[in-house]
Structures are given as structure tokens and as C-alpha cells.
Amino acid sequence: MHSKVENFIPANMLPIDFHCHSTFSDGSYNVEKVMDMAKANGGKYIALTDHDTVIGVKKAREYCQKIGLIFFAGVEISVTWEKNNLVHILGLNIDENNQILIDNLNKLRSNRYSRGQKIAENLAKAGIPNALEGAMKYCTNVEALSRTHFLHFLVEGGYAKPGKAFEKYLAPGKIGYVPQVWANLNDAVNWITGSGGIAVIAHPSRYKFTRTKLLRLIDDFKQCGGRGIEVISSSHSKEDSCNIATIANNHDLLCSIGSDFHTLETFRTIRVGINHPLPYDNCKAIYTELGIRQNDLNINLAD
Ligand code: AMP
Ligand code: MN
Ligand code: MN
Ligand code: MN
């Protein structure tokens with residue numbers, strides 16, 4: 001009998017997480033803390049996928065080597081698709097030293113602070129002062145400034161309940177929403193594939209597209225060279241995951257799995273580092289493509 005169970009993970013979970021955030025974008029914890037939590041939860045294979053930046057990748061890789069996690073470089077790129085739809089595209093197993101990727105991500109991030117100023121002006125008009133300073137308290141770098149940081153400020157200031165601030169103030173059509181044109185789909189996929197990575201549509205069910213529209217996105221995405229789609233995500237219900245897995249199989253897409261961890265939330269149980277397995281045996285797993293074998297995923301539960 002072991003008195004202490006290291007790396008205990010519940011039965012039926014996989015020690016893989018190909019989607020998480022740190023303070024280099026809108027996550028609440030620094031890279032070391034995120035990786036420590038992933039390890040403590042039983043994780044073995046992890047990709048850091050901060051929004052529109054790869055600056056955390058080197059530190060994350062070095063730290064993972066130190067604590068014994070197998071690391072994949074990643075990014076989550078903000079894309080404006082068909083005029084005004086915000087879509088997130090993950091790049092997995094990218095080369096974080098690719099200059100074209102770095103230069104374009106830098107350009108993409110350069111407008112975040114000025115958008116933040118406009119968000120704050122709009123909130124001030126709605127009777128919520130000092131939102132820029134308030135949001136910046138949660139943000140480590142002006143170029144990372146995200147609606148998530150405003151969300152923390154609004155919740156802390158008592159302007160909205162944790163689960164409601166986005167819908168009340170920050171979602172499209174609300175007072176604190178400032179439209180922004182992000183990368184186009186073809187560019188984002190090409191920056192990823194050009195650096196040796198695999199492009200993956202993030203949390204597809206979250207967009208609430210009709211089936212026709214989602215299939216059109218998939219068609220466009222594949223024509224650009226995209227190869228994967230996220231099946232398991234904290235944004236997805238079990239039913240969402242099954243639907244997306246079926247679509248992935250029909251459209252020959254690699255299936256990805258990721259927590260999309262940002263923070264420890266009380267209204268959602270998310271653990272970084274581990275995920276539910278793909279729903280069907282015939283899913284083409286992206287982790288197999290990236291060299292992880294089924295035998296590596298054996299989970300050693302406590303004796
Ligand atoms: P931004 O890139 O600044 O437009 O902010 C987008 C980020 O806001 C996403 O990456 C999520 O982390 C977060 N987000 C989007 N929708 C919601 C929501 N409904 N509730 C909480 N956070 C959200
Ligand atoms: Mn985010
Ligand atoms: Mn996302
Ligand atoms: Mn994300």
C-alpha cells in the first residue's frame with residue numbers, strides 16, 4: 001500500500017492537455033505554476049497555447065524538462081472569419097523561433113492596449129470608472145490585455161457575478177464590446193504550418209454556428225491547410241464532443257483534446273493537464289500524430 005499517491009488521476013482520464021493559458025496571455029497563473037498544477041493533476045504531455053504569442057514557450061519547455069512533463073510548443077491565434085466571426089485557431093508543435101510567426105503575432109497583439117482603452121471608455125460611459133487601471137492589475141503585459149482581464153475587474157468591483165460579466169458587458173453587442181479585426185484564417189493557418197505546426201480549430205461548439213456554417217468553416221480551414229479540430233474542451237458538453245468527433249471523422253480531421261485552462265473557477269471544474277478521452281475508438285487522435293503511443297498513456301492508479 002502506498003501512503004502517498006503521486007500523480008493520481010481518475011480512471012478514464014488521459015494525461016494529455018493540448019490547450020492551456022498562462023499570465024503571458026489571459027491565464028491567472030505563471031507558466032511554472034500552470035505546469036506544476038498539470039503535473040500534480042497527473043498530466044504527462046502538455047502544450048502551452050497562449051493567445052497570439054509564443055513568448056512563454058521557451059520558459060515552459062525548460063520548466064517541463066525540469067519537472068518531467070513532455071512539452072509541445074503551442075499558440076492560440078485570434079482570427080476574424082467571414083467578416084465578423086471570432087474564431088480561435090490553435091497551432092500545435094510549432095517552432096517558436098520562426099520569425100514569420102513571431103513578427104505576425106507581434107503585429108496582432110499590438111492593438112490590444114488601444115482596444116482596452118476604448119473598452120474602458122465605454123464602461124466609463126456606463127458608470128463604471130477606472131476599468132483600464134482595474135483590468136491592468138490582472139495583466140502582466142500591455143500587449144496581452146484581454147477581455148478576460150476586464151472580466152476579473154468587473155467581478156472584483158461587484159459589477160457582475162462571475163458567470164455573468166461576459167454576457168452583461170463584454171460579449172458582442174454589449175457596452176464593453178469593441179470590435180477588432182484579427183488575423184485572417186488563411187494567414188493564421190499558414191503561420192502555423194509554415195513553422196512546422198499543425199493547425200487545429202479550437203472549441204468549435206462554442207461559436208454556436210449552425211451546422212452548415214461550421215461545415216463551411218471546416219471546408220475553408222482545410223483548404224488553407226488546417227488539419228485538426230478540438231473534440232474535447234471545457235467549453236464542450238459530452239454531446240458537443242460526440243457531434244464534433246463525428247464531424248471530424250467524416251472530414252478526416254485529427255481530433256485534439258484540451259482543458260483551455262485559464263484559472264481555478266468555482267463554477268466549472270477544470271483541471272489542467274488531464275482530459276477526457278476521445279469519445280469513439282475510430283477517432284484519429286492528434287496525439288498519435290505527434291508521436292504519443294497508446295502504451296505511453298497507461299495510467300497507473302494506486303495499488
Ligand atoms: P479577447 O481575446 O481579449 O477578445 O478575449 C477573449 C477571451 O475571453 C477568451 O480567450 C476567453 O478566455 C474569454 N471568454 C470568451 N467568452 C467568455 C465567456 N462567455 N465567459 C468568460 N470568458 C470568456
Ligand atoms: Mn482566453
Ligand atoms: Mn479560445
Ligand atoms: Mn484558449
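Between domain 1 and domain 2 there is one salt bridge, and it's a handy place to start a tour of this predicted model. The partners are D52 and R112, whose side chains come together at 3.1 Å, N to O. On the side of domain 1 that touches domain 2, you'll find four nonpolar, five polar and two charged residues.

**The two domains**

The domain assignment splits the protein chain into domain 1, made of 16-105 + 184-298, and domain 2, which covers 112-170. Measure from C-alpha centre to C-alpha centre in your viewer and you should get 26 Å between domain 1 and domain 2.

How many residues of each domain are in contact with the other? The tally is 11 residues of domain 1 against 11 residues of domain 2. People often express the size of an interface as the accessible area that is lost when the parts come together. Here, about 670 Å² is buried between domain 1 and domain 2, with carbon and sulfur atoms giving 48% of that area. As for polar contact, four residue pairs between domain 1 and domain 2 qualify, both residues being at pLDDT 80 or more.

Back to salt bridges for a moment: the structure as a whole holds nine. The D52 and R112 pair links distant parts of the chain, 60 residues apart: D52 is in the loop between β2 (45-48) and α2 (57-67), while R112 is in helix α4 (residues 112-125).

**The manganese ions**

Now for the metals. Here's who holds what:

| Ion | Protein donors | Distance from ion |
|---|---|---|
| manganese ion (ligand 2) | D26 (OD), H51 (NE2), H262 (NE2) | 2.2 Å |
| manganese ion (ligand 3) | E76 (OE), H88 (ND1), H203 (NE2) | 2.1 to 2.2 Å |
| manganese ion (ligand 4) | H19 (NE2), H21 (NE2), E76 (OE), D260 (OD) | 2.1 to 2.2 Å |

Take the manganese ion (ligand 2) to begin with. Its donor residues are spaced D-x24-H-x210-H in sequence. Two of those donors, D26 and H262, link distant parts of the chain, 236 residues apart: D26 is in the loop between β1 (16-17) and α1 (31-40), and H262 is in the loop between β7 (254-258) and α11 (286-289).

Around the manganese ion (ligand 3), the donors run along the chain as E-x11-H-x114-H. Why do E76 and H88 tie together parts that are 12 residues apart in sequence? Because E76 lies in strand β3 (residues 70-81) and H88 in strand β4 (residues 85-92).

The manganese ion (ligand 4) has the donor spacing H-x1-H-x54-E-x183-D. E76 turns up here with an OE donor, and E76 is also listed for the manganese ion (ligand 3).

How far apart are the ions? The manganese ion (ligand 2) and the manganese ion (ligand 3) are separated by 5.4 Å. Between the manganese ion (ligand 4) and the manganese ion (ligand 2), the separation is 4.6 Å.

Methods:
Residues are numbered from 1 along each chain as its sequence is written. Chains are lettered from A and ligands numbered from 1 in the order in which they are written. This is a predicted model: local features need pLDDT of at least 70, side-chain atom pairs count only at pLDDT 80 or more; totals for chains, interfaces and linings use all residues. Side-chain values use heavy atoms; hydrogens and water are left out. Domain bounds come from an automatic or database domain assignment. Contact means heavy atoms within 4.5 Å. Buried area is the accessible area (1.4 Å probe) that two parts lose on being put together, summed over both. A salt bridge is a side-chain nitrogen of Lys or Arg within 4 Å of a carboxyl oxygen of Asp or Glu. A polar contact is a pair of N or O atoms within 3.5 Å; within protein, one must be able to donate a hydrogen and the other to accept it, and residues adjacent in sequence count only if both atoms are side-chain atoms. Ala, Val, Leu, Ile, Met, Phe, Trp, Tyr, Cys and Pro count as nonpolar, Asp, Glu, Lys and Arg as charged, and the others, Gly among them, as polar. Donors are N, O and S atoms within 2.8 Å of the metal (3.2 Å for Na, K and Ca); water is not among the atoms, so sites may look incomplete. Helices (H or I, at least four residues) and strands (E, at least two) are DSSP runs, numbered from the N terminus.
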